[in-house]
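Please review the chain below. The report covers burial, helix packing, the sheet, the core and some backbone angles.

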Amino acid sequence: NYLAKFSKLTRMILEMSEKESITLAEEITALSLYLELEQMRFQENFQFNIDVAPYISKDEVEIPPMLLQPYVENAVKHGLLHKEGSKNLNIQITMSDNDLFVQIEDNGIGRKRSAELNSIKNKNHTSFATQANERRTEILNKGRQHKIGLEIKDLEDQNQQAIGTRVSISIPTQ
């Protein structure tokens, strides 16, 4: 089952890499496959939810391929991997006017603690996915009037203890 899902995801990524845009349905399918694989790895401790507003036509809305995946992967590998107890990832997709809004929220250890752990493991660690996606977003935004927006927020409880991370992305659909 794992190999079949991995093979399907690999094939999807290769096909998507040749396209300038894909449907939201294709992106959600790829994200679901990736998260199902991670769920197998974490076993019982990891739950995810992808909630798409019912008024969004997933087969008609188009976005750049693999735009969301690096942020989802960061949430899993940096936020949730080292967390004790239940690990939750929620992806909410809404739309207003001609903008698609995606919120990726985890209940992980937070970016600060993750950076500390990464520096202990590897003193020269830099986040490749984050830098690559920032550069890619700059390229996608070049010459566009309506730009892709990104906000990353550390979530804290009332005692300023990390309780996760929220990534908010706005994507113009025209």
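Gln69 lies in helix H3 (residues 69–80). Helices (H or I, at least four residues) and strands (E, at least two) are DSSP runs, numbered from the N terminus. Gln69 counts as buried because its relative accessibility is 12%. Buried means under 20% relative accessible area, exposed over 50%, and partly exposed in between (1.4 Å probe, protein chains only). Gln69 touches Glu27, Leu31 and Tyr34, leaving aside residues up to four places away in sequence. Contact means heavy atoms within 4.5 Å.

This is a predicted model: local features need pLDDT of at least 70, side-chain atom pairs count only at pLDDT 80 or more, and totals for chains, interfaces and linings use all residues. Residues are numbered from 1 along each chain as its sequence is written, and side-chain values use heavy atoms, with hydrogens and water left out.

**Loop residues**

Pro65 sits in the loop between strand E3 (62–63) and H3. Among the residues Pro65 touches are Met16, Lys19, Glu20 and Arg136. The C-alpha atoms of Pro65 and Glu20 are separated by 7.0 Å, although the two are 45 residues apart along the chain. Ser57 offers another pair: its C-alpha atom and that of Gly108, 51 residues apart along the chain, are separated by 31 Å.

Met66 also lies in the loop between E3 and H3. Met66 is not a glycine, yet has a positive phi of about 60 degrees. Asp97, in the loop between E4 and E5, has a positive phi of about 55 degrees and is not a glycine either. Most residues other than glycine have a negative phi.

The table sets out the accessibility of four loop residues.

| Residue | Loop | Relative accessibility | Class |
|---|---|---|---|
| Pro65 | E3 to H3 | 7% | buried |
| Met66 | E3 to H3 | 19% | buried |
| Asp97 | E4 to E5 | 72% | exposed |
| Ser57 | E2 to E3 | 30% | partly exposed |

**Helix pair**

Helix H1 (residues 2–17) packs against helix H2 (residues 24–42): their axes come within 10 Å and cross at roughly 145 degrees. Axes are lines fitted to C-alpha atoms, for helices over the stretch in contact, and angles run from 0 to 180 degrees between N-to-C directions. The crossing of H1 and H2 is left-handed; that is, the near helix is turned anticlockwise from the far one by less than a right angle. On H1, the contact residues include Tyr2, Phe6, Leu9 and Met12; on H2, they include Ala30, Leu33, Leu37 and Met40. By class, this contact has 10 nonpolar, one polar and five charged residues. Ala, Val, Leu, Ile, Met, Phe, Trp, Tyr, Cys and Pro count as nonpolar, Asp, Glu, Lys and Arg as charged, and the others, Gly among them, as polar.

**Sheet**

Five strands form an open sheet in the order E2-E4-E5-E7-E6, with mixed pairing. Two strands pair if DSSP finds at least two bridges between them. E2 and strand E6 (149–156) stand at the edges; each has a single partner strand, so one side of each is left without a neighbour in the sheet. The twist averages 10 degrees from one strand to the next.

E2 and E4 pair in the parallel sense over seven bridges. Here Phe48 has Leu89 of E4 as its bridge partner. H2 packs on the sheet and touches E2, E4 and E5; its direction makes about 170 degrees with that of E2. H3 packs on the sheet as well, touching E2, E4, E5, E6 and E7; its direction makes about 155 degrees with that of E4.

E6 and E7 pair in the antiparallel sense over eight bridges. Asp154 is partnered by Thr165 in E7. The two strands form a hairpin with five residues between them, and Gln160 in the turn has a positive phi of about 60 degrees.

**Core**

Which residues touch the most other members of the largest nonpolar core? They are Leu89, Ile91 and Ile93, in a core of 38 residues. A nonpolar core is a set of buried Ala, Val, Leu, Ile, Met, Phe, Trp, Tyr and Cys residues joined through side-chain atoms within 4.5 Å. Elements that each supply at least two residues include H1, H3, strand E4 (87–96) and strand E7 (162–172). H2 gives the most, with nine residues. Ile91 touches, among others, Leu31, Leu35, Ile50, Val72 and Ile104, not counting residues up to four places away in sequence.
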